[in-house]
Amino acid sequence: MISSLPAKSQTAKQWRCWLQLSKDQTLERIHPAILLLAARALRDFGDGFVAVLLPVYLLALGFTPLQVGVIATASLLGSALLTIGVGFLGARHDHRQLLLAGAGLMIATGVAFAVVHDYALLLVVALAGTINPSAGTVSVFVPLEHAVLTRQVSQRERTRMFARYSLVGAFAGAAGGLAAGTPDLLAPVDLDRLAGIKAMFVLYALLGLLGGSLYACIPHRPVSDTGTAAALGPSRRIVFKLAALFSLDAFAGGFVVQSLLALWLFEQFNLSLSQAAVFFFWSGILSALSFPVAARLSRRIGLINTMVFTHIPSSIALMLAALAPTLPLALVLLLIRASLSQMDVPTRSSYVMAVVTEAERAAAARFTSVPRSLAASASPILAGALFAASFRAWPLLICGALKIAYDLLLLMQFRELKPPEER
């Protein structure tokens with residue numbers, strides 16, 4: 001009997017080795033791009049419900065609309081600063097390790113928001129963490145995932161893969177918006193709304209844990225393979241002008257990031273959390289469906305025209321929603337805006353890449369995205385101050401007016417500068 005123990009121990013060891021080998025072989029068969037798409041879906045699902053729940057949670061803790069705006073500003077500013085830091089670190093460090101660090105930060109952020117009630121501490125967490133009030137692509141993960149995706153697919157497949165990347169994120173964000181109604185659904189089991197919202201922040205942390213497990217399966221990139229991003233050259237003037245205009249657009253958009261738009265609906269029309277969840281779900285679906293439409297439309301009328309002539313009607317719809325006397329009319333106008341407002345996202349990125357030289361593309365992407373992030377972080381606090389002063393319509397009106405000004409300036413400055421495929 002005793003002599004059989006070593007044999008059993010050896011058999012158990014062989015089974016463990018076989019299971020580990022089988023696991024490793026299965027992971028090797030999964031393309032890294034699939035892992036990134038899955039991680040993006042998990043993260044945007046979390047961002048989708050957090051953006052809606054954030055103002056509800058802060059108001060439930062007794063904070064004012066102005067303080068909600070300050071938290072939104074801090075979170076966007078923190079994301080911008082982290083993105084800048086990643087831009088420097090990404091050229092000298094393994095992207096997988098940086099993504100794992102971001103996942104760890106997401107876990108810590110969710111746990112902190114679930115247990116911390118002090119406003120000053122929440123402000124620090126918002127600044128240093130991954131909370132995203134815009135439920136969009138303002139995230140430290142995005143430039144890292146872009147870099148890994150570019151490395152994992154061929155040049156021929158790059159544009160198609162980025163389209164899938166955006167679509168997956170948009171649909172996941174829409175589902176996350178719908179999940180924001182979960183705290184109200186938990187009422188029948190005697191769980192109050194505040195406890196339900198805290199549970200959703202814990203779920204946000206768990207999504208970070210799952211995302212980290214996916215990032216851990218991405219192939220390691222030796223540091224020696226990294227290079228230094230090319231600097232701007234002959235396209236410097238074009239890129240700086242585009243960066244200035246994109247910053248104006250981002251500053252305008254900061255007045256109605258998703259958390260603040262949810263706050264406006266709650267304050268102006270006393271919208272319930274469940275109703276807001278359904279609205280943001282359909283809003284996200286319409287935004288996602290607009291991406292392929294934008295690609296087709298741009299082939300017919302050009303990139304600049306697609307950006308401008310879809311953006312202006314969406315801004316008009318937003319301004320009309322600000323003045324709408326009834327909730328149904330406001331929601332219809334906001335859904336019209338959602339179906340048009342994001343059509344400039346893929347066309348904008350495509351235009352920037354098309355009008356600079358190939359060697360300048362990495363630098364052009366950095367110089368146009370970082371100022372956007374910084375500009376977007378400046379306006380939520382102003383919107384919060386307007387909400388606190390009961391000027392509830394003004395953030396929406398200011399956003400619409402500034403975006404129309406941006407569109408007209410873009411059209412005037414770049415109508416004649418066409419990408420090669422439109423000449």
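In this short talk I will go through some local features of the structure shown above, which is a predicted model.

Let me begin with the inside of the protein, and with its cavities. The structure holds two cavities of 30 Å³ or more, and I would like to spend some time on the second largest of them, which has a volume of about 40 Å³. Which residues line the second largest cavity? They are Ala39, Arg43, Ala103, Met106, Phe141, Leu207, Gly208, Gly211 and Tyr215. If you want to find these residues in terms of helices, the elements that give two or more residues to the lining are helix 2, residues 32-60, helix 4, residues 95-115, and helix 9, residues 193-215. Of the contributing elements, helix 9 gives the most, with four residues. When we sort the lining by class, we count six nonpolar residues, two polar ones and one charged one.

Please keep Arg43 in mind from that lining, for Arg43 also takes part in a salt bridge, where its side chain meets that of Glu145 at 2.8 Å, taken from N to O. This pair links distant parts of the chain, since Glu145 belongs to helix 6, residues 141-152, while Arg43 belongs to helix 2, and the two are 102 residues apart. Are these two partners buried or exposed? Glu145 is buried, and Arg43 is buried as well.

Helix 2 offers a second salt bridge to compare with this one, namely the one in which the side chains of Arg40 and Asp44 meet, at 2.9 Å from N to O. Here the partners sit in one helix, and because Arg40 and Asp44 are four residues apart in helix 2, about one helical turn separates them. Both Arg40 and Asp44 are buried.

Before leaving helix 2, I would point to Val52, which is also found there. Val52 counts as buried because its relative accessibility is 0%, and the cut-off for buried is under 20%. The C-alpha atom of Val52 is separated by 7.4 Å from that of Ala277, although these residues are 225 residues apart along the chain.

Let us return to the salt bridges, of which the count comes to eight. One of them joins the side chains of Arg348 and Asp344, at 3.1 Å from N to O. Both residues lie in helix 15, residues 344-354, where they are four residues apart, or about one turn of the helix. Arg348 is buried, and Asp344 is buried too. These two residues also belong to a network of salt bridges, in which Asp249, Asp344, Arg348, Arg372 and Lys403 are linked.

Now I would like to move outward, to the surface. What makes up the nonpolar surface patch of about 300 Å²? It is made by Leu77, Leu81, Leu127 and Leu374. Taking one of these residues as an example, Leu77 is found in helix 3, residues 65-89. Leu77 counts as partly exposed, because its relative accessible area of 31% falls between the cut-offs of 20% and 50%.

Another partly exposed residue is Ile336, whose relative accessible area is 38%, and which is found in helix 14, residues 327-341. Ile336 and Ser283 are 53 residues apart in sequence, and their C-alpha atoms are 8.7 Å apart in space.

Finally, let us look at two loop residues and at their backbone angles. Asn270 has a phi near 55°, which is a positive value in a residue other than glycine. Where does Asn270 sit? Its place is in the loop between helix 11, residues 258-269, and helix 12, residues 273-301. Asn270 counts as exposed, because its relative accessibility of 66% is over 50%.

The other residue is Ser390, which has a positive phi of about 70° although it is not a glycine. Ser390 lies in the loop between helix 17, residues 380-388, and helix 18, residues 394-414. With a relative accessibility of 53%, Ser390 counts as exposed.

Methods: Residues are numbered from 1 along each chain as its sequence is written. This is a predicted model: local features need pLDDT of at least 70, side-chain atom pairs count only at pLDDT 80 or more; totals for chains, interfaces and linings use all residues. Side-chain values use heavy atoms; hydrogens and water are left out. Patches are made of residues with over 30% relative accessible area and no salt bridge: like charges are joined within 9 Å, nonpolar side chains (Val, Leu, Ile, Met, Phe, Trp, Tyr) within 5 Å. Accessible areas come from the Shrake-Rupley method with a 1.4 Å probe; for residues, only the protein chains shown count as cover. A salt bridge is a side-chain nitrogen of Lys or Arg within 4 Å of a carboxyl oxygen of Asp or Glu. Buried means under 20% relative accessible area, exposed over 50%, partly exposed in between (1.4 Å probe, protein chains only). On a 1 Å grid over the protein atoms alone, a cavity is a set of points where a 1.4 Å probe fits but cannot get out, and a pocket is an open set with protein on both sides within 12 Å along at least five of seven lines; lining residues have an atom within 4 Å of a point. Grid points are joined across faces, edges and corners, and a volume is the space filled by probe spheres set on the points. Ala, Val, Leu, Ile, Met, Phe, Trp, Tyr, Cys and Pro count as nonpolar, Asp, Glu, Lys and Arg as charged, and the others, Gly among them, as polar.
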